[in-house]
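Dear colleague,

I am handing over a structure for your consideration. Please find it below, followed by an account of what was found in it.

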Amino acid sequence: MYSQETVLRLIGLIYEAALQPDRWAACLEAIGETVGGHALSLAHYDSTKSIANLEVTARFDPKAIQEYREHFASRDPWAKAGREHNLFRPGVVALGTDFLPDEVYEETDFWKDYGSRYGISGGVTAVLAAEGSLLALFNVSRLPGRVFGEPERVLIKTLAPHFVRALEVHRRVAEAEAHARAAEDVLNRLSQNVVVLGPDGRAVFVNQAATRLFAAPDGLMLERNELRAARAHDTTKLRAVIARALQQASGRDASAPDEPMLVTRPSMKRSLQVLVAPLRSAPHAAASFPQAATLVFVTDPEAQALSSETLLAELFGLTPAEARFASILLTDRTVAEAAEELGVSTSTARTHLHSLFEKTGTHQQSHLVRLLATSVSQATRT
């Protein structure tokens, strides 16, 4: 049997990989080294999707993986035997010989055409999940001549529940990262300057508009991820406002309203308008920004209104060429007239039109123009 120290070390690697997905291969490599395994894989499949939720391998020839997917997955004798003997049940940890005796396996075309070339023999398989369309498996094969027995099965059975928990952690981390990427994308599309502050009052995210504002500091700047005003008086007031917002976010002071303030600009332009708004439901926002506690909105009254082209590009994710084409359509001109003004062919203009249909969810030019006009009108009023 394997020592407790060895088992604990491998469990630690499993949870480390759950939080840092790029460590999964190293985790499998460590297990392979411990048991003398040849090819290891950890996979979480959903048969309704073309891409696995998680698929990682170690000590596995990339050519062998590709060949298996393209030609041999449907001929896998262990998979066939597992289905026939109802072994694909959560909690099952079985030796390859439980699925298929070696002497039977070595008579299969799978072994002769594939396994023998890559030295893949039965090892240990753990069924981590099997529900509906979901199937999660951990597998370590052995080299021909290497014997896996009860010690290896017991070790993998001990690790299996930790794999199950780690896959759930991995899923939650992946979802949180996806939410964060989506939230960042939304904030970066805003023309409004937005800064997300963590519980310590330091910036954990600055959208692109605010980044541009701070690049040419005029009244407000970001130093060491901390907001500071040009005038000491404004800095003191800003820090006090942020401190009160953080108290609100933490639930210690839920009564105070969001606090606006003005920040004087050395350039003598009109003052920046700053609004500090606590995330009173911070626990629910954790999926998007785990450290978010407070939002800071900065409005520059001197900034000129965005052109319709810029607005349309931001609202619908249009390319510059598509935005120019869309802005011309707003002036009640035809596709041919828009093409002439842009100096492009009618075919190119129609390509722009179809792209606009896709990005706006419309199907007729009249509906498209109505949506574009309404969107620009609403955006310029807010």
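Which residues does Arg153 touch, not counting residues up to four places away in sequence? In this predicted model, Arg153 touches Val93, Leu95 and Val124 when those residues are set aside. Arg153 itself is placed in helix 8, which spans residues 150-189. Its side chain also joins that of Glu150 through a polar contact of 2.8 Å.

The surroundings of Arg153 lead to the sheet formed by strands 1 to 5. Five strands make up this open sheet, in the order 2-1-5-4-3, with antiparallel pairing. Its edge strands are strand 2 (54-58) and strand 3 (93-95), each of which pairs on one side only. On average, neighbouring strands of this sheet are turned by 10° against each other, direction ignored. Strand 3 and strand 4 (residues 121-131) run antiparallel and are joined by three bridges. Val93, one of the residues that Arg153 touches, has Ala126 in strand 4 as its bridge partner.

Helix 2 (residues 24-35) lies across strand 1 (37-46), strand 2 and strand 5 (134-142). Relative to strand 2, helix 2 runs at about 45°.

Helix 2 also meets helix 8. The axes of these two helices come within 12 Å and cross at roughly 175°. Angles over 145 degrees count as roughly antiparallel, and helix 2 and helix 8 are therefore roughly antiparallel to each other. On the side of helix 2, the contact is made by Trp24, Leu28, Ile31, Thr34 and Val35. Helix 8 contributes Glu152, Leu155, Ile156, Leu159, Phe163, Ala166 and His170. The residues of this contact of helix 2 with helix 8 divide into nine nonpolar, two polar and one charged.

Helix 8 is also placed against a second sheet. It lies across strand 6 (193-197) and strand 7, and runs at about 60° to strand 7. How are the five strands of that open sheet ordered? The order is 7-6-12-11-10, and the pairing is antiparallel. Strand 7 (203-206) and strand 10 (259-263) are the edge strands, each pairing on one side only. From one strand to the next, the twist averages 20°. Strand 10 pairs with strand 11 (residues 272-278) in the antiparallel sense, over five bridges. Val263 stands opposite Leu272 in strand 11.

A further helix pair deserves a separate paragraph. The axes of helix 3 (residues 62-72) and helix 7 (residues 109-118) come within 10 Å and cross at roughly 165°. That crossing angle makes helix 3 roughly antiparallel to helix 7. The crossing of helix 3 and helix 7 is left-handed. In helix 3, the residues concerned are Lys63, Ala64, Ile65, Glu67, Tyr68 and Phe72, and they meet Phe110, Asp113, Tyr114, Arg117 and Tyr118 in helix 7. The residues of this contact of helix 3 with helix 7 divide into seven nonpolar, no polar and four charged.

In summary, helix 8 holds Arg153, lies across strand 6 and strand 7, and is roughly antiparallel to helix 2. Helix 2, in turn, lies across strand 1, strand 2 and strand 5.

Yours sincerely

How values were computed. Residues are numbered from 1 along each chain as its sequence is written. This is a predicted model: local features need pLDDT of at least 70, side-chain atom pairs count only at pLDDT 80 or more; totals for chains, interfaces and linings use all residues. Side-chain values use heavy atoms; hydrogens and water are left out. Helices (H or I, at least four residues) and strands (E, at least two) are DSSP runs, numbered from the N terminus. A polar contact is a pair of N or O atoms within 3.5 Å; within protein, one must be able to donate a hydrogen and the other to accept it, and residues adjacent in sequence count only if both atoms are side-chain atoms. Contact means heavy atoms within 4.5 Å. Axes are lines fitted to C-alpha atoms, for helices over the stretch in contact, and angles run from 0 to 180 degrees between N-to-C directions. Angles under 35 degrees count as roughly parallel, over 145 as roughly antiparallel, 65 to 115 as roughly perpendicular and the rest as oblique. A crossing is left-handed if the near helix is turned anticlockwise from the far one by less than a right angle, and right-handed if clockwise. Ala, Val, Leu, Ile, Met, Phe, Trp, Tyr, Cys and Pro count as nonpolar, Asp, Glu, Lys and Arg as charged, and the others, Gly among them, as polar. Two strands pair if DSSP finds at least two bridges between them.
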